[in-house]
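Hi,

Here is the structure I promised to pass on. Have a look at it first, and my notes follow below.

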Amino acid sequence: MKLKNSFFYTLRENVKDEDSISGNLLVRSGMIKKSSSGIYMFMPLGLRVLNKIEDIVRDEMNKSGATEILMPSLIHREVYEKSGRTKLFGSSVFTLEDRFDKPYVLGPTHEELFVLAAKEKIRSYKDMPFNIYQIQNKFRDEPRPRYGLIRVREFKMKDAYSFDKDYESLDKSYSLMYQAYKNIFDRMGIQYKIVKADTGVMGGLLSEEFQAITPIGEDSLIVCDKCDYSSNIEVAECVYDEAIIEEEKEREMIHTPGVKTIDEVSNYLNLPTSKLLKSVVVNADGEIILCLLRGDRELNDVKLSKLIGANNIEMATEEEINKISVQGFIGPIDINARVVIDSEVKTMFNFVTGANIEDYHYINVNLKDFKYDLMGDIRLISDDDKCPKCGGNLKTVKGIEIGNTFKLGTKYSECLNLNYLDENNKLNPVVMGCYGIGIGRCMAAVAEQNNDEKGLVWPMDIAPYKVAIITINNKDEAQIEFANKLYDELNNLGIDTLLDDRDERAGVKFNDMDLIGIPVRIVVGKGLIDNKVEVKLRKDTESKDISIDEVIDHIKDITK
């Protein structure tokens with residue numbers, strides 16, 4: 001690419017409506033351009049980065065034995081109705097009707113269509129295992145698109161699906177994809193963690209996320225400082241210290257005028273919040289449920305939904321709370337609601353809880369004083385918890401989900417009748433796995449992790465160009481001639497090279513190449529009189545003078 005007559009531009013100022021480093025730098029460097037909220041154009045340089053990421057993904061998927069196909073984006077709504085997911089997707093799906101008033105959606109995900117495709121092949125156990133995948137755009141009506149390419153409404157994704165006769169075979173297919181994913185993200189140069197996660201609307205037996213570690217990440221991850229334990233905070237397992245046994249006292253109702261919150265009650269009674277019982281009222285699929293936790297803990301909606309089998313959990317409204325208690329004074333004693341308690345509550349003695357009467361609380365409450373329907377781990381893990389694997393210290397880091405893997409099991413094959421005949425001529429549901437990678441998210445994650453005050457610092461394998469040649473004086477025929485000769489030779493060797501031959505000042509060219517993050521810069525200037533050019537790596541502060549007779553070999557070595 002020669003810049004003088006190409007579609008190339010950069011922006012000098014920060015972009016006002018971009019709320020992430022990656023979004024700002026990708027727009028400023030002319031790689032992407034927002035067309036509307038959560039929707040972006042990919043300009044020439046950005047498209048090259050996207051395509052290189054896609055090439056890495058495709059290469060590793062093919063090496064794993066998977067076969068590429070392409071599904072439509074326009075999908076009849078009944079496809080999702082058959083699997084029961086229409087209600088789960090809710091308003092996140094873009095819907096439309098054709099001229100015959102038939103309902104369609106823009107595909108948010110393609111499990112159902114892959115099952116329909118697999119039906120064309122699978123008859124018996126001999127037809128498996130196999131894995132098919134696609135790379136294409138998907139659409140989700142995000143209520144709050146943000147962070148550039150991280151949360152958008154239209155995005156490119158690789159999704160793959162494995163089909164096996166049993167769970168032992170699924171384990172092997174899953175392991176192949178797991179290794180392929182590590183290869184993919186290693187080649188991109190992404191710093192990532194693999195964490196256990198919630199299966200969400202996908203369902204299934206196991207979900208693991210590949211999370212790029214960055215402060216801008218929307219997901220909170222729990223990692224151990226001693227072992228390799230890591231988990232999405234939504235599903236991180238809480239472990240409890242042995243209970244400190246106390247002699248159970250007699251329960252007593254006390255007057256607490258206007259004292260409603262945990263902190264207010266703690267201060268009023270001069271007790272630590274850990275001696276209080278927190279009451280959280282939720283609406284779970286239309287049912288009002290009282291959740292009880294230690295006063296200094298927070299409810300984990302995902303864990304609660306798993307425990308009680310609910311699809312949708314929301315905080316109860318004031319009107320809903322008033323039907324069962326008095327807001328600010330809620331407690332489990334004699335309450336007319338289903339009660340779910342966190343496992344940690346069983347380690348508590350002589351605690352404080354609301355009395356369901358305005359301006360009153362109970363002190364010295366114990367587990368024997370009230371009834372509960374269900375007990376389980378329903379709290380959000382925190383940094384002061386201990387690692388469930390080794391007992392080490394935990395810390396919270398932020399991550400961008402760039403890939404995920406699911407053991408779906410038979411969820412989709414059963415509801416969509418994807419079956420096979422086994423060795424005994426018995427009909428069985430096919431066992432499935434699902435594996436996704438966000439192509440654009442990978443681009444954003446790399447940009448978040450690789451930048452400085454000057455701009456982007458692309459890793460060699462996904463940079464739009466590996467080498468940028470800059471001419472200092474476009475009126476110097478020797479510089480122009482050598483720069484063009486070097487440009488042709490490097491490109492002929494398969495080393496992606498651009499030539500900045502614009503009629504701009506040297507400082508402008510240097511700033512632009514730093515902004516767009518080209519890994520290697522070659523400056524053809526006055527040193528050419530002495531048969532030398534200047535070579536500088538984007539990540540380094542110092543440059544080197546290299547003989548023009550050695551520059552090709554030098555560039556070949558540093559761009560491997």
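Below is what turned up on aromatic contacts, cavities and one buried polar residue.

One thing to keep in mind while you browse: this is a predicted model.

Let me start with the rings. The count comes to 11 aromatic pairs. Take Tyr-174 and Tyr-435 as an example: their ring centres are 6.0 Å apart and the planes meet at 55°, so this pair is tilted. The two residues come from distant parts of the chain, with their positions 261 residues apart: Tyr-174 belongs to helix 6 (residues 167-188), and Tyr-435 to strand 24 (residues 431-438). Tyr-174 and Tyr-435 are both buried. They are also members of one aromatic cluster, in which they are joined by Tyr-178, Tyr-181, Phe-185, Tyr-192 and Phe-210.

Two further rings have a charge sitting over them. Over the ring of Tyr-465 you will find the charged end of Arg-48, 4.0 Å from the ring centre. Arg-251 does likewise with Tyr-362, its charged end being 4.9 Å from the centre of that ring.

Next, the empty space. How many cavities of 30 Å³ or more does a search of the whole structure find? There are two. The largest cavity has a volume of about 50 Å³. Its lining consists of Ala-468, Met-513, Asp-514, Ile-518, Pro-519, Val-520, Arg-521, Lys-536, Leu-537 and Arg-538. Helix 13 (506-516), strand 29 (520-524) and strand 30 (532-537) are the elements that each give two or more residues to this lining. Sorted by class, the lining of the largest cavity holds six nonpolar and four charged residues, with no polar ones.

The second largest cavity contains about 40 Å³ of space. Around it are Phe-7, Phe-8, Tyr-9, Gly-30, Met-43, Pro-44 and Leu-45. Here the classes come out as six nonpolar residues, one polar and no charged. So that you have the two side by side: charged residues number four in the lining of the largest cavity, and there are none in that of the second largest.

Last, a polar residue to look up. Gln-211 lies in strand 10 (residues 206-213). Is Gln-211 buried or exposed? With a relative accessible area of 0%, Gln-211 is buried. Its side chain makes a polar contact with the side chain of Asp-219, at 2.9 Å.

Happy browsing, and best wishes!

Conventions. Residues numbered from 1 in each chain as written. Predicted model: local features only at pLDDT ≥ 70, side-chain atom pairs only at ≥ 80, totals over all residues. Heavy atoms only, no water. Phe/Tyr/Trp six-rings, centres within 6.5 Å; stacked < 30°, edge-to-face > 60°. Helix = DSSP H or I, 4+ residues; strand = E, 2+ residues; numbered from the N terminus. Buried < 20%, exposed > 50% of the residue type's maximum accessible area, 1.4 Å probe, protein only. Lys NZ or Arg CZ within 6 Å of the ring centre and 35° of its normal. 1 Å grid on protein atoms, 1.4 Å probe; cavity = no way out; pocket = protein on both sides within 12 Å on 5 of 7 lines; lining within 4 Å. Points joined across faces, edges and corners; volume = space filled by probe spheres on them. Nonpolar A, V, L, I, M, F, W, Y, C, P; charged D, E, K, R; others polar. Polar contact = N/O pair within 3.5 Å; in protein donor to acceptor, adjacent residues only side chain to side chain.
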